[in-house]
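Q: I would like to learn how to read a model like this one. Can we go through its features in turn?

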Amino acid sequence: MLEELGEEPTTRLLSLFSCPRNPDVENFLKQKSIAFEKTHNARTRLILDEQGSILAYFSVSFKELVLESAALNKSQVKRLDGFNKNAERIRAFLIGQLGKNFSVQNNRITLADILAEIYSIIHDARELVGGRVIILECENNPALIQLYRDHGFTLIETTDDDKTELRTMYIHIANQ
Ligand SMILES: CC(C)(COP(=O)(O)OP(=O)(O)OC[C@H]1O[C@@H](n2cnc3c(N)ncnc32)[C@H](O)[C@@H]1OP(=O)(O)O)[C@@H](O)C(=O)NCCC(=O)NCCS
């Protein structure tokens, strides 16, 4: 879109996105996503309706997951790593941001729809470069954590849960 429309029209379109439930999600799209795109630090995709309004967006990238304070057992670590039950770091696809546009009335898009788009993109990336797991970092909010659990994600318990503002969750994308 950035290439097709150019930066100014893209910025205008992004300015119509609103996510009062999570200001970080709104701010990333409006203030950072274009810079992240240009510097190849993350890819942001918009999900548009037939009129061209943004229904939702997501950003994907990759990140090394550090297991230092993660309360995972050895079989969980081995499944994440693929080889090593003592692995300390795991390469993962990262869902950096996702959210729906609350300024669109009767916006029926759901997390399931957004995740389906994300899985499709990550499937293509995985065919090219491999990859076993997708992670996301979400607010330490029980309702949000439960929502992701309902969609198949597992919360990584840590030894410093109380102090953590962001919690990491993961989902496997490899069978073995
Ligand atoms: C995440 C999202 C796409 C899910 O959409 P959905 O499948 O249609 O589900 P809903 O919006 O009905 O949310 C389901 C429940 O999740 C919880 N929830 C969703 N986002 C939340 C947030 N940011 N903080 C706390 N709880 C949240 C709420 O309990 C909500 O129930 P409620 O409507 O009774 O408040 C959408 O809620 C959203 O855009 N949220 C704001 C952005 C966000 O927080 N993204 C996650 C970043 S990790």
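A: Gladly. Keep in mind that this is a predicted model. Start with the ligand.

Q: How many residues surround the ligand, and which are the closest?
A: The ligand has 17 residues around it. The closest are Asn22, Gly99, Thr110, Leu111 and Ala143.

Q: Which helices and strands each supply at least two residues of that shell?
A: Two strands do, S3 (89-100) and S4 (133-139). So do two helices, H5 (111-129) and H6 (142-150).

Q: What is the make-up of the shell by class?
A: Count 10 nonpolar, 4 polar and 3 charged residues around the ligand.

Q: Now the sheet. What is the order of its strands?
A: General idea: strands of a sheet pair through backbone hydrogen bonds, either parallel or antiparallel. Here 6 strands form an open sheet with mixed pairing, in the order S1-S2-S3-S4-S6-S5. Strands S1 (43-48) and S5 (154-155) are the edges, each pairing on one side only.

Q: Which helix packs on the sheet, and what does it touch?
A: Helix H5 does, touching S1, S2, S3 and S4. The direction of H5 makes about 50° with that of S2.

Q: In which sense do S2 and S3 pair?
A: Antiparallel, over 11 bridges, with S2 spanning residues 54-66. Ala56 has Lys100 of S3 as its bridge partner. Ser61 is bridged to Leu94 in S3.

Q: How many bridges join S1 to S2?
A: There are 6, and these strands run antiparallel. Arg45 has Phe58 of S2 as its bridge partner.

Q: What do S1 and S2 form together?
A: A hairpin, with 5 residues between the strands. In the turn, Gly52 has a positive phi of about 90°.

Technical notes: Residues numbered from 1 in each chain as written. Predicted model: local features only at pLDDT ≥ 70, side-chain atom pairs only at ≥ 80, totals over all residues. Near = placed C-beta within 6 Å. Helix = DSSP H or I, 4+ residues; strand = E, 2+ residues; numbered from the N terminus. Nonpolar A, V, L, I, M, F, W, Y, C, P; charged D, E, K, R; others polar. Pairing = 2+ DSSP bridges. Contact = placed C-beta atoms within 7 Å. Axes fitted to C-alpha atoms, helices over the stretch in contact; angles between N-to-C directions.
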